Every structure is written in C-alpha cells, then in structure tokens.
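Reader: Please take a close look at one part of this model, the enclosed space inside the protein. Then set it beside the open one.

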Amino acid sequence: MGAIASKGQLRMSLLRWAVVTVPLVLLLGFASGRTAPAGSDNIWYQALAKPAQTPPDWAFPVAWTTIYILMGVALAIVLNARGARGRALATGLFMLGFALSLGWMPLFFGAHRVTAAIGLIAAMVVVGIATTIAFARVRTIAAWLMVPYLVWISFAGVLTWSIDRMNPDAETLVPSARTSQML
C-alpha cells in the first residue's frame, strides 16, 4: 500500500498553510507597529539618550518584516505537521509569544513604559525559547526559523535595558501617545 499523500500533496498543504500564516503574522505585526509612532516619528523616542549600538530607524521595519515572514513560515511548517506529537503545545506557545510580541510597541513607544517593556521582552525571550524547543520537537527547520526572532528580541532587550539605564526619567519626558496611528 502506498503513502497517504504524495510529496507534491504535502508541499501544497504546506503552501496553503503558509499562504494564511505569513500574511496573518505580517498583518498583525504591522498593526501593532502602527499603534504608536516609532523611531524618528516619535518625539519621546527622539528625546531619549540611546546607546551607540542602536540601529538606524530603517533597520527596524526591515528586520521585523524578515522575522515575521520567517515566523509565519515556521508556524506553517508546524501546523502542516499533522499528527506530530507536541504540535498543539508548540502552536499554543507560538500564539502566546506572538501576543506578547505584539504588545511591546504600544507599551514602549505609546505608553513610554520602558521598565515594563524590559519585563515584557524578558517574557518574550522565555516564551520564544520554549516555542523554539517545542517547534524543534515537531520539525527542526521550524525551530531554526525562530532563531532570528530570538536573536533580535535579545538584542532589543539589551537596547531597551540600556535606554532605561541612560534615561531614568524616560517615562516622564513627553506625554504618552493617546491616539492610534492605525488610520
């Protein structure tokens, strides 16, 4: 008796998942980024002393777009692994970590809560590591696709911590954004 599905059918199934997950992750990430002005568009952020290793403003959307695409593909790979042990746990951890990630921009750039943003990034790193381990148990390639996310949020955590140390009064520099940039 032959296989339940051919290699071509399995590839098409993965492609169908990716057509949903990649745009969804990108859309939600973009929406989170539009909740408050960021970078040079944010008066509060401009007023902060920043560490020398702070990337230029253009690097953030490029990095996040790339990372969100990789995350969407990783999720598609895990979702496509029907019957794999740990698939539900891996998916749940991804959703939790992604929800945490979506909250960082409004917390840091909108509410100017630098210390809370450090705590949120710490939670993102812990859940991101757990997600990557869970993904590895389902499909190794999915775990590798999560590595750039882990590196980037670790770097963002160091930057946020440095900003907090350099700006002890950061939360009171400029009033927080009261409106969304969604429209």
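Author: The largest cavity holds about 30 Å³ of space in this predicted model. One cavity of 30 Å³ or more is counted. Its lining consists of Met-71, Phe-94, Gly-97, Phe-98, Gly-128, Thr-131, Met-146 and Tyr-149. Three helices, H4, H5 and H6, each supply at least two of these residues. H4 has the largest share, with three residues. By class, five lining residues are nonpolar and three are polar. No charged residue lines this cavity.

Now the open space. The largest pocket has about 840 Å³. It is lined by 34 residues, and those closest to its centre are Ala-38, Phe-60, Pro-61, Trp-64 and Met-105. Two or more lining residues come from each of helix H1 (7-33), helix H3 (59-80), helix H4 (87-110), helix H5 (114-138) and helix H6 (140-166). Here H6 gives the most, with six residues. The pocket lining has 21 nonpolar residues and 10 polar ones. Three charged residues complete the pocket lining.

One residue of H4 merits its own look. Thr-91 sits in that helix. Is Thr-91 buried or exposed? Thr-91 counts as buried because its relative accessible area is 10%, and the cut-off for buried is under 20%. Beyond neighbours within four places in sequence, Thr-91 is in contact with Leu-75, Val-78 and Leu-79.

Conventions: Residues are numbered from 1 along each chain as its sequence is written. This is a predicted model: local features need pLDDT of at least 70, side-chain atom pairs count only at pLDDT 80 or more; totals for chains, interfaces and linings use all residues. Side-chain values use heavy atoms; hydrogens and water are left out. On a 1 Å grid over the protein atoms alone, a cavity is a set of points where a 1.4 Å probe fits but cannot get out, and a pocket is an open set with protein on both sides within 12 Å along at least five of seven lines; lining residues have an atom within 4 Å of a point. Grid points are joined across faces, edges and corners, and a volume is the space filled by probe spheres set on the points. Helices (H or I, at least four residues) and strands (E, at least two) are DSSP runs, numbered from the N terminus. Ala, Val, Leu, Ile, Met, Phe, Trp, Tyr, Cys and Pro count as nonpolar, Asp, Glu, Lys and Arg as charged, and the others, Gly among them, as polar. Buried means under 20% relative accessible area, exposed over 50%, partly exposed in between (1.4 Å probe, protein chains only). Contact means heavy atoms within 4.5 Å.
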